[in-house]
Amino acid sequence: MGSRNTSPSRQKAIKTKPRGLDEESVATFSKIVQPDIQMEDNIWAMLPEDLLNEILARVPPFMIFRLRSVCKRWNSILQDNSFLKFHSQVPSHGPCLLTYWKNSQTPQCSVFSLPLKQWFKIPFTFLPQWAFWLVGSSGGLVCFSGLDGLTFKMLICNPLTQTWRTLPSMHYNQQRQLIMVVDRKDRSFKVIAASDIYGDKSLPTEVYDSKLDKWLLHKTMPAVNLCSSKMAFCDSRLYLETLSPLGLMMYRLDTEHWEYIPAKFPRSLLDGYLVAGSQKRLFLVGRIGVYSTLQSMRIWELDHNKFVWVEVSRMPPRYFRALLRLSAERFECFGQDNLICFTSWNQGKGLLYDVDKKVWSWIAGCALQSYNSQVCFYEPRFDAMVY
């Protein structure tokens, strides 16, 4: 291809391998070679502001992020209310994977765009030098929690706009399981701190509301139900795995009511992750089996009427063996909109499963090679406000 001109009458379909996928998931994409077009600088320089805003709003967010250095005008446009209005009206870029890690104590961040099949590096030196870890992402915002000295703190940031702020301290400011959710209608967000046991004291559920800019005390989960660290937010409900008794606890934010769901987990389940899907779907992902040669990775969906887990898929053996070569190997699992991602740091691999299409595909890239990387799904948006 290079700079060679190709006549439109002799356009040629070229088979290419999408970036980010390895040999086991090669797909054929058609790419039309277009003729070079000379851009008239004087015409583009005189574009009306509203037309330029509408054009830029349709450019992939990561491309816009790079355009900030073109000139002062374009850098200021990305913060303009008119551009943000157009940007909020165009369809979402699509799901991405955000990976965060520290290299020689320097924060590093890379984002893999699933639509573009490409990695993008985002500067992350704008955040304070705390010992923090990734909580999650929703609606273009990313949440971190950590220690500033001996004080537990939380912050919200937008990686594209490089803006951030710390949240007020909780009433019971102790480290615990957190989850963030964004209301797409009014662009507000909530951070939920689940009930926990600290020493001999039960900590109540606390919810931060960005519209009020404060933490609200909610009810304490029944202390008899000790929870593991696996939880998911689905259909305005928070779900947590319980160890005693074995099952689920559900918390409704609107009624502030805890409810036990007697959904028995599959037998021989070694480790399970709760994953929130779209349209009220809740998945359970985990390994089954005792010996390494008999283990398998399976996906179940909760039947909300019968309170039972129904198996919907199994990871093909060749993917399972490549992802987890040892029976005790650690893996992470998380999801968004019926996409489920598996990561294995020992193997430096990421595996994606589309529940609707029933398709498995590898995600390759150097950003998954760091053993201390933290990963979550991410939706790039310039109009996601931290305030």
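This report walks through a predicted model, from its overall make-up to a few strands and residues worth a look.

## The whole chain

Let us start with the broad view. The protein has 387 residues, and 49% of them count as buried. Its secondary structure comes to 6 helices and 28 strands. Among contacts with a separation of 6 or more, 49% are made by residues 24 or more positions apart.

## The sheet from β6 to β9

Four strands form an open sheet here, in the order β6-β7-β8-β9 and with antiparallel pairing. Which strands stand at its edges? They are β6 (131–138) and β9 (163–166); each has a single partner strand, so one side of each is left without a neighbour in the sheet. On average, and with direction ignored, neighbouring strands of this sheet are turned by 25° against each other.

The edge strand β6 runs antiparallel to β7 (residues 141–148), and 7 bridges join the two. If you would like a landmark in this pairing, take L134, which stands opposite F144 in β7.

## F144 and the nonpolar cores

F144 is a good residue to stay with. The largest nonpolar core has 33 residues, and F144 is one of the four that touch the most other members, together with F83, L98 and F124. Leaving aside neighbours within four places in sequence, F144 is in contact with Y100, F124, L127, F132, W133, L134, V135, K153, M154, L155 and C157. That list takes in L134, the residue opposite F144 across the β6–β7 pairing, and also F124, another of the core residues that touch the most other members.

A separate, second core has 21 residues, including Y273, A322, F331 and L351. As background, nonpolar side chains in soluble globular proteins tend to be buried together.

## Cysteines without disulfides

How many disulfides does a search of the whole structure find? The search finds 0. For C143, the nearest cysteine sulfur belongs to C157, 8.7 Å away. C157, in turn, has the sulfur of C109 as its nearest, at 8.2 Å. A disulfide calls for sulfur atoms within 2.5 Å, so neither of these distances qualifies.

Are these two cysteines buried or exposed? C143 has 0% relative accessibility and therefore counts as buried. C157 is buried as well, with a relative accessible area of 0%, and C157 is among the contacts of F144 described above.

## Strand β11 and its partners

Strand β11 (residues 188–193) is largely enclosed by the rest of the structure, because 5 of its 6 residues are buried. With strand β10 (residues 178–183), β11 pairs in the antiparallel sense over 6 bridges, and L178 stands opposite A193 in β11. The hairpin of β10 and β11 has 4 residues between the strands, and R187 takes a positive phi there, near 60°.

β11 also pairs with strand β14 (residues 206–209): these two run antiparallel and are joined by 4 bridges. In this pairing, K190 stands opposite D209 in β14.

## The sheet from β20 to β23

Further along the chain, another open sheet of 4 strands has the order β20-β21-β22-β23, again with antiparallel pairing. The edge strands β20 and β23 each pair on one side only. The average turn between neighbouring strands, direction ignored, is 30° in this sheet. β20 and strand β21 (residues 282–288) run antiparallel and are joined by 7 bridges, with I288 in β21 as the bridge partner of L269.

At the other edge, S313 lies in strand β23 (residues 308–314). S313 counts as buried because its relative accessibility is 9%, where the limit is 20%. The side chains of S313 and Y353 are joined by a polar contact of 3.0 Å. Not counting residues up to four places away in sequence, S313 touches R298, I299, Y353 and W360.

## K264, out in a loop

Our last stop is K264, in the loop between β19 (257–261) and β20 (269–276). Its relative accessible area is 72%, so K264 is exposed. K264 and L246 are 18 residues apart along the chain, yet their C-alpha atoms are separated by 6.8 Å.

Conventions. Residues numbered from 1 in each chain as written. Predicted model: local features only at pLDDT ≥ 70, side-chain atom pairs only at ≥ 80, totals over all residues. Heavy atoms only, no water. Buried < 20%, exposed > 50% of the residue type's maximum accessible area, 1.4 Å probe, protein only. Polar contact = N/O pair within 3.5 Å; in protein donor to acceptor, adjacent residues only side chain to side chain. Contact = heavy atoms within 4.5 Å. Pairing = 2+ DSSP bridges. Axes fitted to C-alpha atoms, helices over the stretch in contact; angles between N-to-C directions. Core = buried A, V, L, I, M, F, W, Y, C linked by side-chain atoms within 4.5 Å.
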